[in-house]
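Here's a quick briefing to read alongside the structure. Have the viewer open and follow the topics in turn.

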Amino acid sequence: MHVVDTRLVDGRWNVLFRGNEPTIVNPDGSLSFAYDLIKSRGAAVLQQEKGIVLPEEYFLIDVCLLNIAEHKDLQTEKDWFEAHPGVGAFVHWVTGGDLTSPKTLPLPKDVINKMAYDLPDWAVDRLYERVPGLNRMLQ
């Protein structure tokens, strides 16, 4: 887990962390959402990287980037937040990426440039909107 960005808003810190999949495999093979681990690790990382003390209680927004192939992890996160609505919220932004780079396709440069310009028309997962969206969440 790492701190990506912080924003002081009305005397409180809004923090964007980046971490691995927040699930734990239980002894019986089932999955659990790692809320306690996220809280403890997030507090330690924020203190270490930014010198900011994370309050004991806060509202956690889990921005999940999993795709449907990772349905067990996805469902585990979703179910946990549905069962604990006062603690946080679950936001699912499906991320598939692109199957190939346009630069690797046998296309003329003007076609590649047009594809880049028209990205919003064909980028199914709307990655081009995600960074501004995360920035708005911090404000």
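## Helix H1 and its surroundings

In H1, the buried residues are Tyr35, Ile38, Lys39, Gly42, Val45 and Leu46. Looking down the axis of H1, those buried residues fall within an arc of 145°, so they line one face of the helix. Keep in mind that this is a predicted model.

**More on H1**
- Flip to the other side of H1 and you'll find Asp36, Leu37 and Gln48 exposed.
- As general background, an α-helix has 3.6 residues a turn, so residues three or four places apart point the same way.
- The cover over the buried residues of H1 includes strands S1 (2–9), S2 (12–18), S4 (31–33) and S5, along with helix H2 (71–83).
- H1 runs for 16 residues and spans 21 Å from its first C-alpha to its last, close to the 22 Å expected at 1.5 Å a residue.
- Just after H1 comes glycine 51, with a positive phi of about 70°.

**A nonpolar patch on the surface**
- Phe59, Ile61 and Met137 make up a nonpolar surface patch, and together they have about 270 Å² of accessible area.
- Phenylalanine 59 sits in the loop between helix H1 (35–50) and strand S5 (60–64).
- With a relative accessible area of 48%, phenylalanine 59 counts as partly exposed, because exposed would take over 50%.

**Cysteine 64 in S5**
- Cysteine 64 is part of strand S5.
- Its relative accessibility is 3%, so cysteine 64 counts as buried.
- Leaving out residues up to four places away in sequence, cysteine 64 touches Leu74, Glu77, Phe90, Val91, His92 and Trp93.
- Glutamine 139 is 75 residues from cysteine 64 along the chain, and their C-alpha atoms are separated by 19 Å.

**Salt bridges**
- How many salt bridges does a search of the whole structure find? It finds 2.
- One pairs arginine 7 with aspartate 5, whose closest N and O atoms are 3.3 Å apart.
- Arginine 7 is partly exposed at a relative accessible area of 24%, and aspartate 5 is partly exposed too, at 28%.
- Lysine 114 and aspartate 118 also meet through their side chains in a salt bridge, at 2.5 Å from N to O.
- Aspartate 118 has a relative accessible area of 17%, so it lands on the buried side of the 20% cut-off.

Notes
Residues are numbered from 1 along each chain as its sequence is written. This is a predicted model: local features need pLDDT of at least 70, side-chain atom pairs count only at pLDDT 80 or more; totals for chains, interfaces and linings use all residues. Side-chain values use heavy atoms; hydrogens and water are left out. Patches are made of residues with over 30% relative accessible area and no salt bridge: like charges are joined within 9 Å, nonpolar side chains (Val, Leu, Ile, Met, Phe, Trp, Tyr) within 5 Å. Accessible areas come from the Shrake-Rupley method with a 1.4 Å probe; for residues, only the protein chains shown count as cover. A salt bridge is a side-chain nitrogen of Lys or Arg within 4 Å of a carboxyl oxygen of Asp or Glu. Helices (H or I, at least four residues) and strands (E, at least two) are DSSP runs, numbered from the N terminus. Buried means under 20% relative accessible area, exposed over 50%, partly exposed in between (1.4 Å probe, protein chains only). The expected span of a helix is 1.5 Å times one less than its number of residues. The arc is that of the directions from the helix axis to the C-beta atoms. Contact means heavy atoms within 4.5 Å.
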